[in-house]
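The following questions and answers are intended for a reader who has the sequence and the coordinates at hand.

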Amino acid sequence: MDAKARGWLDGFLGVAIFSGSLPATRVAVADLSPTFLTAARATIAGLLAIALLAAFRAPRPERRDLAPLAMMGLGVVLGFPMLTALALRHVTAAHSIVFVGLLPLTTAIFAVLLGGERPKRSFWIFAVIGAGVVAGFAFSQGGEGAIQGDLLMVAAIVVCGLGYAEGGRVSRRLGGWQAVCWSLLLCLPLMAPAALLSRPADLAAVGAPAWTGLAYVALFSMLIGCVFWYRGLAAGGVAAVGQLQLLQPFMGLALAAGLLGEPVGWSMAAVTAAVVLCVAGARRFA
């Protein structure tokens, strides 16, 4: 298998792993606070990252890499997990997955802002249509809680797109899994104390499903999935392999319906499909 084919396979595995993140988070926040969940998942992954860096004797990043690694951590390690955990206290996992269809678009936008790319006008047409479809669907659901959850999901997608764009850039110099591990390590001095301070008062009261959800997002979403994802981006190309994110909403909806028993109506599926089409058009002209 050549490098590009391996990159596509790694990217697909990363997206498949990420697809379980929102359903797992939905289960975990039933018994765990969003703050503890965010901090604990990053702490567990950060400790494993230390072991990986030491085992493979990874070279330290240069000073110019610290800012991108910090932005990567802000978006992927802190911002997205915290905001989605807060959102999933107001909306279902199936509802939140619709917004994930915009993630490739936000990643592309930050690539334009940070990388100086100049996409064609058609790119922005698709971008506006896609954003309008999502906004229309979100606010048509009504309810104060739903709107709060939607706004939190929008913020989560924005910061995650920033983290992916910066992570894609720094991974070219450091390597995919090394960038993930160094970013986790940078966040560890903040996340470990936060996990201790926000831990549940009664650990025995936390159910097994919540601990399972935490284990999934810590081991798979925060570390293993990121290793596959950034390795895939490095081998197959950020623009090409990044298109695999378009599969994530469909995988996530299937998991939300199959594992959580959440309703996935035709309107939600149709909106997800429309968002994916808009993002695909936007990416084509990026």
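The questions below concern a predicted model and move from its core to its surface, its cysteines and its salt bridges.

Q: Which helix gives the most residues to the largest nonpolar core?
A: The largest nonpolar core has 77 residues. Those with the most contacts inside this core are Tyr164, Leu184, Trp229 and Tyr230. The helix that gives the most to the core, with ten residues, spans residues 208–236 and is H10.

Q: Which residues of the segment from 241 onward does tryptophan 229 touch?
A: Residues up to four places away in sequence are not counted here. Tryptophan 229 touches Asp10, Gly11, Gly14, Val15 and Phe18, and also Tyr164. Its remaining contacts are Val241, Gly242 and Gln245.

Q: Is aspartate 10 buried or exposed?
A: Aspartate 10 has its place in helix H1, residues 3–18. Beyond its neighbours within four places in sequence, aspartate 10 is in contact with Phe228, Trp229, Arg231 and Gly232. Its relative accessibility is 1%, and because buried means under 20%, aspartate 10 counts as buried.

Q: Which residues are linked with Asp10 in a network of salt bridges?
A: Arg231 is among the residues in contact with aspartate 10. The network of salt bridges that includes Asp10 links this residue with Arg6 and Arg231.

Q: Where does threonine 107 lie, and is this residue buried or exposed?
A: Threonine 107 lies in helix H6, residues 103–115. Leaving aside neighbours within four places in sequence, its contacts are Gly161, Tyr164, Ala165 and Gln245. At 11% relative accessibility, threonine 107 counts as buried.

Q: How many Å apart in space are threonine 107 and leucine 88, C-alpha to C-alpha?
A: Threonine 107 belongs to helix H6. In sequence, threonine 107 and leucine 88 are 19 residues apart. In space, their C-alpha to C-alpha separation is 22 Å.

Q: Which helix gives the most to the nonpolar surface patch?
A: The patch, of about 340 Å², is made by Ile44, Leu48, Leu219, Phe220 and Ile224. Helix H3 (34–55) and H10 are the elements that give two or more residues to this patch. With three residues, the one that gives the most is H10.

Q: What is the exposure class of isoleucine 224?
A: Isoleucine 224 lies in helix H10 and is one of the residues of the nonpolar patch. Its relative accessibility is 31%. Since values between 20% and 50% fall in the middle class, isoleucine 224 counts as partly exposed.

Q: Why is there no bond between the sulfur of cysteine 187 and the closest cysteine sulfur?
A: A disulfide is a covalent bond between the sulfur atoms of two cysteines. The structure holds zero disulfides. For cysteine 187, the closest cysteine sulfur is in cysteine 226, and the separation is too far for a bond because it is 11 Å.

Q: Which cysteine has the sulfur nearest to that of cysteine 226?
A: The structure holds zero disulfides. Cysteine 226 is accordingly in no disulfide, and the nearest cysteine sulfur is 8.5 Å away, in cysteine 160.

Q: What is the relative accessible area of cysteine 226?
A: Cysteine 187 counts as buried at 15% relative accessibility. Cysteine 226 is also buried, with a relative accessible area of 3%.

Q: How many residues apart are arginine 173 and aspartate 65?
A: The side chains of arginine 173 and aspartate 65 meet in a salt bridge, 2.7 Å from N to O. The pair links distant parts of the chain, with arginine 173 in helix H8 (residues 144–174) and aspartate 65 in helix H4 (residues 63–87), and the separation is 108 residues.

Q: Which residue of the salt bridge between arginine 173 and aspartate 65 is buried?
A: Arginine 173 counts as partly exposed, at 39% relative accessibility. The buried residue, with a relative accessible area of 2%, is aspartate 65.

Q: In which helix do glutamate 166 and arginine 169 both lie?
A: Glutamate 166 forms a salt bridge with arginine 169, and their closest N and O atoms are 2.7 Å apart. Glutamate 166 counts as buried at 6% relative accessibility, whereas arginine 169 is partly exposed at 35%. The two are three residues apart, about one turn of the helix, and both lie in H8.

How values were computed:
Residues are numbered from 1 along each chain as its sequence is written. This is a predicted model: local features need pLDDT of at least 70, side-chain atom pairs count only at pLDDT 80 or more; totals for chains, interfaces and linings use all residues. Side-chain values use heavy atoms; hydrogens and water are left out. A nonpolar core is a set of buried Ala, Val, Leu, Ile, Met, Phe, Trp, Tyr and Cys residues joined through side-chain atoms within 4.5 Å. Buried means under 20% relative accessible area, exposed over 50%, partly exposed in between (1.4 Å probe, protein chains only). Helices (H or I, at least four residues) and strands (E, at least two) are DSSP runs, numbered from the N terminus. Contact means heavy atoms within 4.5 Å. Patches are made of residues with over 30% relative accessible area and no salt bridge: like charges are joined within 9 Å, nonpolar side chains (Val, Leu, Ile, Met, Phe, Trp, Tyr) within 5 Å. Accessible areas come from the Shrake-Rupley method with a 1.4 Å probe; for residues, only the protein chains shown count as cover. A salt bridge is a side-chain nitrogen of Lys or Arg within 4 Å of a carboxyl oxygen of Asp or Glu. A disulfide is a pair of cysteine sulfur atoms within 2.5 Å.
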